[in-house]
Amino acid sequence: MNFSRASTVLCTFLLINLFFGCETAQKPAGKIEEQKHESTSAEIVFVKDHHSYANPEAIRVTNVDLDWDVSFETKTIKGTAELSFERGKEADKAQMILDTRDLKIEKTKTSSDGGKTYKDATFKVGEADKFLGSPLTIDLPPDADRVKVTYQTGPTASGLQWLTPEQTAGKKMPFMFSQAQAIHARSFIPLQDSPQVRITYSAKVRTPKDLLAVMSAEGNSQTDERTGEYEFKMPKAIPSYLIAIAVGDLKFKPLGKRSGVYSEPSVVGKAAKEFEDTEKMIDATEKLYGEYAWGRYDLLVLPPSFPFGGMENPMLTFATPTILAGDKSLVSLVAHELAHSWSGNLVTNSTWRDFWLNEGFTTYLTYRITETVYGEKQYSMEAMLGRKGLEDEIAAMDERDQILHVDLKGRDPDDGFTGVPYEKGALFLRYLEEKFGREKLDEFLKTYFKSHAFQSITTEQFVEYLKANLLEKNPGVVTDTEVDEWINKPGLPKTAPRAKSNAFEKIDVIVKEFLAGKTAAKDIPAKDWTTQEWLHFLRALPSDLGNDKMAELDAAFDLTKVGNSEIVFQWLVMSIAHKYAPADGRLEEFLTTVGRRKFVKPLFEELVKTPAGKVRAIEIYKKAHPGYHPITAKSIDEILDSKEESK
Ligand code: BES
Ligand code: ZN
């Protein structure tokens with residue numbers, strides 16, 4: 001399809017609308033610009049994405065049909081990806097350029113009749129860049145409208161983890177899951193791996209007979225029935241980083257009318273109890289920000305090697321089991337991933353430098369959901385911990401990384417995963433709330449989500465929209481210069497809002513008394529402390545607390561044995577700094593069973609601060625490494641800077 005054939009464009013456009021509903025409307029391929037927008041409603045204006053080789057301004061992929069064999073023996077996905085596309089500027093001359101990483105491309109074919117017949121096409125896999133992988137360039141006949149790639153993944157694909165039965169809770173069956181954000185989808189699908197390209201997808205997946213496959217799509221079974229053959233469809237246009245699959249011994253338990261949880265059988269009961277407020281969260285978010293757009297909302301609890309806390313895969317949030325604290329104290333993570341159903345999945349960052357549009361908005365929404373469902377005190381505690389964490393992080397950070405609209409050119413987009421897009425982004429929205437009032441900001445956000453639904457946007461587009469719809473409509477409240485400071489300058493503006501809450505006042509008094517020797521550890525009234533109160537208490541203790549006081553606290557509260565992942569993590573960081581030997585065993589146990597990068601990385605960083613600690617880090621990493629996800633392993637490799645030594 002070409003721009004000169006506008007009527008065909010329009011027909012297809014209308015057909016897609018009729019078929020999938022308006023929200024999936026695919027607009028014709030557009031032009032490319034370096035962060036500049038003059039988009040008309042008829043065009044998508046692509047910006048330069050430094051993390052993709054793709055050429056969507058000429059050839060824009062609109063749908064991917066996957067046909068996969070999942071093999072645990074070879075640790076590969078093998079099959080085909082059939083890509084439908086539209087043509088834009090100079091497309092007659094264009095080749096299709098896809099992103100790949102470590103894929104073995106067997107053959108490529110093109111079709112000029114909508115996939116009825118295919119003929120061989122020539123292709124070339126370019127040299128691999130260490131962050132971006134390799135471009136796959138396919139020669140297209142001028143009238144081609146589909147491409148079929150036959151390929152298989154590499155056994156160390158960065159976006160997949162293959163677990164042996166021993167690495168699962170049940171110990172009997174293997175497990176595999178994907179993690180595509182930020183640019184790992186290309187390690188299991190050849191595609192245009194840029195968040196500004198939105199696609200629908202379908203998948204036929206064959207697995208060993210006794211395992212269940214689930215995906216971020218329609219088609220997940222609610223009966224756990226295993227056939228070894230599964231079919232999925234995501235009829236709404238999503239960015240590639242939201243394509244996700246997991247295969248394992250999974251059981252399902254419903255949570256409410258449109259929600260449920262999948263996990264290994266021994267975990268599903270605990271998970272369902274922990275997540276019992278999910279339906280309430282969906283209702284609360286809908287009330288604030290408009291209708292939930294994705295039909296079902298299910299969760300998948302992964303084995304503990306999952307490298308993140310959570311991942312907002314549409315219709316099926318992926319989550320770490322380390323949030324199953326038994327008292328719902330860590331379920332704001334569910335609120336966070338659910339909030340992405342609006343900020344991130346409905347309105348998506350165009351490139352990874354606009355990541356704060358996803359995470360800052362989501363963090364703000366999370367606080368609002370937490371406040372609605374769990375009350376003002378819970379919200380205040382989480383917000384105060386968030387702000388303190390951000391301040392500490394900023395103090396030790398390069399200035400360039402303190403900027404919301406961070407420049408990630410030439411870098412791994414995973415480097416942008418800091419507290420800045422999250423907490424500084426959320427503080428910016430909280431600032432707007434304070435300035436314009438909650439009612440006006442809520443209305444603004446609701447309209448923002450609705451008017452940009454199923455679109456990917458840049459920071460510049462957001463700022464333009466903000467100025468036109470909030471600043472200019474309420475003149476004299478917030479200036480353009482203030483907005484510019486928030487988005488383009490390092491550090492936190494002096495006007496950054498502070499939580500007006502006395503939630504931690506009692507804890508602060510206790511810390512003082514404990515340090516002054518006026519209150520013994522055993523007399524601290526911590527019986528009913530929540531996770532957040534514990535975290536505030538531990539973080540308020542000085543780095544030279546001393547081993548006597550460490551031992552006193554341990555004797556009173558058994559901190560070395562605590563099961564709560566956040567509390568024990570904090571305790572282990574302190575234990576390393578203090579060389580507190582009684583926690584040594586627990587540290588090793590934690591690092592060899594949990595692969596969540598947020599915990600594992602700071603613990604290794606703390607260990608390598610001393611020569612003896614570094615020796616120990618290398619020893620522990622030898623044991624832990626086989627269980628780590630490639631994303632976590634990469635972070636630890638960088639810390640140890642001694643890949644060879646440690647394996
Ligand atoms: N989308 C992110 C996870 C992510 C971001 C993965 C960038 C890869 C690259 C997810 O929504 C997230 O923010 N997870 C947080 C939890 C949250 C409660 C702050 C995490 O995993 O720590
Ligand atoms: Zn997030």
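I count a charge as sitting over a ring if NZ of Lys or CZ of Arg is within 6 Å of the ring centre and within 35 degrees of the ring normal. With that in hand, I looked up Arg597. Its charged end sits over the ring of Phe417, 5.4 Å from the centre. I found Lys549 placed over a ring too: its charged end lies 5.1 Å from the centre of the Phe514 ring.

**Ground rules**

I am working on a predicted model, in which local features need pLDDT of at least 70, side-chain atom pairs count only at pLDDT 80 or more, and totals for chains, interfaces and linings use all residues. Residues are numbered from 1 along each chain as its sequence is written, chains are lettered from A and ligands numbered from 1 in the order in which they are written, and side-chain values use heavy atoms, with hydrogens and water left out.

**Aromatic pairs**

I describe a pair of aromatic rings by the distance of the centres and the angle of the planes. My cut-offs: rings of Phe, Tyr and Trp (its six-membered ring) pair if their centres lie within 6.5 Å; planes under 30 degrees apart are stacked, over 60 edge-to-face, and the rest tilted. How many aromatic pairs does the structure hold? I get 40.

I opened Trp352 and Phe355 next. The planes of these two rings stand at 65° and the centres are 6.2 Å apart, so I log the pair as edge-to-face. Then I took Trp356 and Phe361. Their pair is tilted, with 50° between the planes and 6.0 Å centre to centre.

Are these four residues buried or exposed? I call a residue buried under 20% relative accessible area, exposed over 50% and partly exposed in between (1.4 Å probe, protein chains only). Trp352 is buried at 4%. Phe355 is buried at 9%. Trp356 comes out at 0%, buried. Phe361 is also at 0% and buried.

I then traced the aromatic cluster that holds Trp356 and Phe361. Its other members are Tyr289, Phe428, Tyr431, Phe444, Tyr448, Phe449, Phe462, Tyr465 and Trp486.

**H5 against H7**

Helices (H or I, at least four residues) and strands (E, at least two) are DSSP runs, numbered from the N terminus. For packing I use axes that are lines fitted to C-alpha atoms, for helices over the stretch in contact, with angles from 0 to 180 degrees between N-to-C directions.

H5 covers residues 355–374 and H7 covers residues 419–436. They pack at about 65°, with axes 7 Å apart. I note the crossing as right-handed. For handedness, a crossing is left-handed if the near helix is turned anticlockwise from the far one by less than a right angle, and right-handed if clockwise.

Which residues meet here? I take contact as heavy atoms within 4.5 Å. On the H5 side I list Phe355, Trp356, Glu359, Gly360, Phe361, Thr363, Tyr364, Tyr367 and Arg368. On the H7 side they meet Pro421, Tyr422, Glu423, Gly425, Ala426, Phe428, Leu429, Arg430 and Glu433.

**H16 against H18**

H16 (residues 597–607) packs on H18 (residues 630–640) at about 15°, axes 10 Å apart. I therefore enter the two helices as roughly parallel; the classes are under 35 degrees roughly parallel, over 145 roughly antiparallel, 65 to 115 roughly perpendicular and the rest oblique. This crossing is right-handed. Arg597, the residue over the Phe417 ring, is part of the H16 face together with Val600, Lys601, Phe604 and Glu605. Across from them I see Ile631, Thr632, Ser635, Ile636 and Ile639 in H18.

I also checked Pro602, which lies in H16. Pro602 is partly exposed at 26%. Setting aside neighbours within four places in sequence, Pro602 contacts Phe569 and Arg597. Its C-alpha is 25 Å from that of Gly410, with the two positions 192 residues apart along the chain.

**Backbone oddities**

Where is the cis peptide bond that I logged? It runs from Gln181 to Ala182, with omega near 0°. Ala182 belongs to the loop between strand E12 (175–178) and strand E13 (198–206).

I stopped at Lys328, a non-glycine residue with positive phi, near 60°. Its loop joins strand E21 (316–319) and helix H4 (332–339). Lys328 is partly exposed at 26%.

Phe454 also has phi near 60°, positive in a residue other than glycine. I place Phe454 in the loop between helix H8 (438–451) and strand E23 (455–457). Phe454 is buried, at 9%.
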